[in-house]
Amino acid sequence: MSKKRISVIGLGYIGLPTATVLASRQIQVIGVDVNEKAVDTINQGRIHIVEPDLDMLVHAAVSQGFLKATTTPEPADAFLIAVPTPFKEGKKPDLSYIEAAAKSIAPVLKKGDLVILESTSPVGATEQLARWLADVRQDLTFPQDVGEHSDIRVAHCPERVLPGHVLRELVENDRIVGGMTHRCSEAARELYETFVRGDCIVTDVRTAELCKLTENSFRDVNIAFANELSVISDRLKINVWELIRLANRHPRVNILQPGPGVGGHCIAVDPWFIVDSVPADANLIRTAREVNDRKPKHVLAKLTASANRFKEPVIAMFGLSFKANIDDLRESPALDIVQEAVEQKMGKILVVEPNISKLPTSLSGKTELVTADVALESADIIVLLVDHKQFLTVDLDRLQERVVIDTRGIWSKPRGNRAIGRA
Ligand code: SAJ
């Protein structure tokens with residue numbers, strides 16, 4: 001292993017697990033984050049996010065001295081940048097975190113270092129990163145200016161792990177490695193091969209960027225198809241879960257699951273990076289985004305129709321996170337639905353979310369965080385927004401006599417129907 005010290009910039013949902021897995025291979029890892037609280041928590045061997053088994057690994061890595069966190073970058077042989085790339089107004093990619101990361105590591109770079117951008121990025125962002133580095137370090141050479149023989153190597157290697165399964169997928173998934181030159185790619189591949197069991201496949205930097213955006217857009221388009229089917233089925237009074245199960249019995253059909261909308265910081269965001277680059281040509285991708293973004297409104301319309309049947313309904317919302325078994329509320333359609341129901345004063349709102357201990361500020365004082373038991377006891381209307389494992393085992397008898405809006409189909413899928421099979 002030629003990379004003796006690796007620095008990971010951004011200790012969030014991707015950076016922290018990556019830093020920890022590298023440290024578990026007995027590599028010296030310096031994690032850098034602007035969030036002092038997160039840095040302190042990690043240095044105590046604890047974590048500030050929810051991801052299965054990560055706490056154990058962080059504890060081991062910190063106590064064995066392989067992982068330390070800091071707010072100030074230090075010299076290292078390789079820098080992995082895993083900062084957020086949200087969008088800003090007009091659904092345009094916001095590269096300000098990448099720019100800040102570049103400016104913070106530039107002063108500690110030395111000849112021979114490797115800089116890898118892992119953050120999901122629009123096409124051209126890695127080259128922009130290299131230009132930001134070069135602006136600060138005119139004493140070093142960069143691939144955009146001198147090609148293969150640059151002092152600093154720069155590559156894009158997009159993360160592609162699934163929240164909730166990050167530790168397994170970090171090791172097992174294939175990685176796409178797009179260097180700005182061949183030597184950049186080879187240096188990055190060598191680094192990933194220290195912990196990745198999947199294949200590390202080399203390509204050019206722009207293809208690597210578009211590859212990541214393509215993966216998430218593919219999923220978004222497919223979920224949009226399922227969500228559109230659910231709206232069509234509602235209008236035609238057909239059970240969409242049964243419909244999809246039947247259609248999926250065709251050997252070449254594999255429809256995904258409808259839900260209350262698409263959330264998270266990836267699938268609900270990344271397709272816009274393609275739309276922003278080539279607005280005239282990204283029609284299907286844009287439409288899929290719009291279909292998925294409209295789905296929470298459809299759920300709210302169903303809820304309003306039910307709530308109007310009561311004078312002062314008690315409405316229990318099951319789930320706030322953007323998907324099952326995580327605590328992440330970013331771009332969560334469930335959160336949007338709850339906020340909108342509160343704003344529209346639809347009734348007394350109770351929230352059940354087993355993965356958080358405190359409501360987000362936007363809801364605190366306006367709703368109550370309660371247990372499933374309390375909610376099932378008192379609610380007139382029950383809205384299932386996230387298919388958390390705790391909700392799968394709810395006694396269906398307790399839903400009797402209530403209005404149930406099940407956006408994930410866990411309580412309304414036809415069960416044990418022999419004619420349908422695959423129960
Ligand atoms: N969803 C549905 N129906 C489905 C599948 C998902 O409504 O059948 C919803 C989820 O509830 C959630 C959203 O879509 O709101 C996204 O969830 P997800 O599990 O599909 O994906 P993410 O956002 O957690 O992670 C994705 C993954 N990308 C792909 O599967 C192509 C992951 O591999 C990426 O690393 C991640 O984005 C990322 O960081 O970009």
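**Ligand, sheet and side chains in a predicted model**

Trainee: How far does a backbone N or O atom of arginine 160 lie from an oxygen atom of the ligand?

Mentor: Keep in mind that this is a predicted model. The arginine 160 atom in question is a backbone N or O. Its partner is an oxygen atom of the ligand, and the distance is 2.9 Å.

Trainee: How much of the ligand's accessible area does the protein cover?

Mentor: On its own, the ligand has 770 Å² of accessible area. The share of this area covered by the protein is 90%.

Trainee: Which residue offers a polar side-chain atom 2.5 Å from an oxygen atom of the ligand?

Mentor: Look among the residues that come nearest to the ligand, which include Glu159, Lys212 and Gln257. Another of these nearest residues is Phe322, but there a polar backbone atom lies 2.7 Å from a ligand oxygen. The side-chain atom at 2.5 Å belongs to arginine 219.

Trainee: Which element gives the most to the shell around the ligand?

Mentor: There are 21 residues around the ligand. The top contributor supplies 5 residues to the shell. That element is helix 9.

Trainee: At about what angle does helix 9 run to strand 10?

Mentor: Helix 9 covers residues 205-236. It lies across strand 8, strand 9 and strand 10. To strand 10, it runs at about 115 degrees.

Trainee: In what order do the strands of the open sheet stand?

Mentor: The sheet has 8 strands, and their pairing is mixed. From one strand to the next, the twist averages 25 degrees. The order is 3-2-1-4-7-8-9-10.

Trainee: Which strands stand at the edges of the sheet?

Mentor: Look for strands with a single partner strand. Each such strand has one side without a neighbour in the sheet, because there is no second partner. The edges are strand 3 and strand 10.

Trainee: In strand 7, what is the bridge partner of isoleucine 81?

Mentor: Start with strand 4, residues 78-81, and strand 7, residues 114-117. They pair in the parallel sense over 4 bridges. Isoleucine 81 is matched in strand 7 by leucine 117.

Trainee: Is strand 9 largely enclosed or largely open?

Mentor: Arg175, Val177 and Gly179 point one way from strand 9, while Ile176 and Gly178 point the other way. Residues on both sides are buried. Since 5 of the 5 residues are buried, strand 9 is largely enclosed.

Trainee: In strand 10, what is the bridge partner of isoleucine 176?

Mentor: Strand 9 has partners in strand 8 and strand 10. Strand 8 runs antiparallel to strand 9, and 2 bridges join them; histidine 156 stands opposite glycine 178 there. Strand 10 pairs with strand 9 in the parallel sense over 5 bridges. On that side, the partner of isoleucine 176 is isoleucine 201.

Trainee: Is cysteine 200 buried or exposed?

Mentor: Cysteine 200 sits in strand 10, residues 200-204. Beyond its sequence neighbours, it contacts Arg175, Val177, Arg189, Tyr192 and Glu193. Its relative accessible area is 6%; buried means under 20%, so cysteine 200 is buried.

Trainee: How far apart are the C-alpha atoms of cysteine 200 and cysteine 157?

Mentor: Along the chain, cysteine 200 and cysteine 157 are 43 residues apart. In space, their C-alpha atoms are separated by 9.5 Å.

Trainee: Which backbone oxygen does the side chain of arginine 289 reach?

Mentor: Arginine 289 lies in helix 12, residues 283-307, and is buried at 1% relative accessible area. Its contacts include Asp220, Val262, Ile267 and Trp272. At 3.4 Å, its side chain reaches the backbone oxygen of alanine 268.

Trainee: Which residue has its backbone nitrogen 2.9 Å from a polar side-chain atom of aspartate 113?

Mentor: Aspartate 113 lies in the loop between helix 4 and strand 7. Despite the loop setting, aspartate 113 is buried, at 1% relative accessible area. Among the residues it touches are Ala76, Phe79 and Arg153. The backbone nitrogen at 2.9 Å comes from lysine 110.

Trainee: Is valine 34 buried or exposed?

Mentor: Valine 34 is in the loop between strand 2 and helix 2. Its C-alpha stands 32 Å from that of threonine 203. With a relative accessible area of 80%, valine 34 is exposed.

Terms used:
Residues numbered from 1 in each chain as written. Predicted model: local features only at pLDDT ≥ 70, side-chain atom pairs only at ≥ 80, totals over all residues. Heavy atoms only, no water. Helix = DSSP H or I, 4+ residues; strand = E, 2+ residues; numbered from the N terminus. Buried < 20%, exposed > 50% of the residue type's maximum accessible area, 1.4 Å probe, protein only. Polar contact = N/O pair within 3.5 Å; in protein donor to acceptor, adjacent residues only side chain to side chain. Contact = heavy atoms within 4.5 Å. Pairing = 2+ DSSP bridges. Axes fitted to C-alpha atoms, helices over the stretch in contact; angles between N-to-C directions. Near = heavy atom within 4 Å. Areas by Shrake-Rupley, 256 points an atom, 1.4 Å probe, with all protein chains shown as cover. Lists of a residue's contacts leave out its neighbours within four places in sequence.
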